[in-house]
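Notebook open, structure loaded. I want to look up some charged pairs and then one strand with its neighbours.

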Amino acid sequence: VQPDGKLLVGLWSRQVLVRLMPDASRDTGFQVTAALDSVEAVALLDGGKIMIGGSLSNYGSPLGYLARLNPDGRADGSFNPPNPSRGMTIGAIGVQGSDSVIVSEGDGRLVRFRSDGRREPIGMSTGYRVLQMARAADGGMIVAGDSYRSGDAMVSGLWRLNPDLSVDTAFTAAGSAVRPVV
């Protein structure tokens, strides 16, 4: 949900991203011009821009798996991520600040993308699917994903990253699966 009450909706079966007005009518001023195979993650950025992740066919040229849109739905040409690995998927997008987002790739690896599209591995991998990320008040990130069993112990699917993106080892959570909440 955007601050103005409009709602971004990825319609996987119709391969489109739409924006709905508060009364649920379609916002005709929002025109995504790309061929979208699927939108797996959406994040609102400062200034009204929108980061999308999934299978994105093109905006006149191959995009791969991550794109930034202007508030009207057009591609933001100043964001140029490197060509993706074949089969790359996005689990979640977390806004870290005005100049970067944290993206979970399909294998649980977390990567930072700067405002110009530069990719910076941060050396952290959950090893499991990440479903949601949110910025903590201190600039760190809360990361939610699948829990898993290790021997007789259940390992939590909820982690906290410090502002420098190192794992907060003092943070502990109950070991149950976490599902995304809208």
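**Salt bridges, then a strand**

I started with arginine 160, which forms a salt bridge with aspartate 138; the closest N and O atoms are 2.4 Å apart. This is a predicted model, so I am reading computed positions throughout. I then checked where the two partners sit: the pair links distant parts of the chain, with arginine 160 in strand 14 (residues 158-161) and aspartate 138 in the loop between strand 10 (130-135) and strand 11 (141-145), 22 residues apart.

Buried or exposed: what is arginine 160? I looked up its relative accessible area and got 12%, so arginine 160 is buried, given that the cut-off is under 20%. Aspartate 138 comes out at 43% relative accessibility and therefore counts as partly exposed.

Next entry: the salt bridges that share partners. I traced one network made of Arg112, Arg114, Asp116, Arg118 and Glu120. Within it I picked out two contacts of glutamate 120. Arginine 112 forms a salt bridge with glutamate 120, and the closest N and O atoms there are 3.1 Å apart. The side chain of arginine 114 also meets glutamate 120 in a salt bridge, at 3.2 Å from N to O.

I looked up accessibility here too. Arginine 112 is buried, at 14% relative accessible area. Glutamate 120 has 23% and is partly exposed. Background note to self: side chains of opposite charge can pair when their charged atoms come close. For the whole structure I noted 12 salt bridges.

On to strand 7, residues 100-105. How many of its residues are buried? I got 6 of 6, so I wrote it down as mostly covered, with under 20% relative accessible area as the cut-off. I then split the strand by face, because side chains in a regular strand alternate between the two faces of the sheet. Ser100, Ile102 and Ser104 lie on one side, Val101, Val103 and Glu105 on the other, and both faces are covered.

Which strands pair with strand 7? I checked the neighbours one at a time. Strand 6 (residues 90-97) pairs with strand 7 in the antiparallel sense over 6 bridges. One of the partnerships I looked up is alanine 92 with serine 104. A hairpin of 2 residues joins strand 6 to strand 7.

Strand 8 (residues 109-114) also runs antiparallel to strand 7, and 5 bridges join them. Here I found valine 103 standing opposite valine 111 of strand 8.

Notes. Residues numbered from 1 in each chain as written. Predicted model: local features only at pLDDT ≥ 70, side-chain atom pairs only at ≥ 80, totals over all residues. Heavy atoms only, no water. Buried < 20%, exposed > 50% of the residue type's maximum accessible area, 1.4 Å probe, protein only. Helix = DSSP H or I, 4+ residues; strand = E, 2+ residues; numbered from the N terminus. Pairing = 2+ DSSP bridges. Salt bridge = Lys/Arg side-chain N within 4 Å of Asp/Glu carboxyl O.
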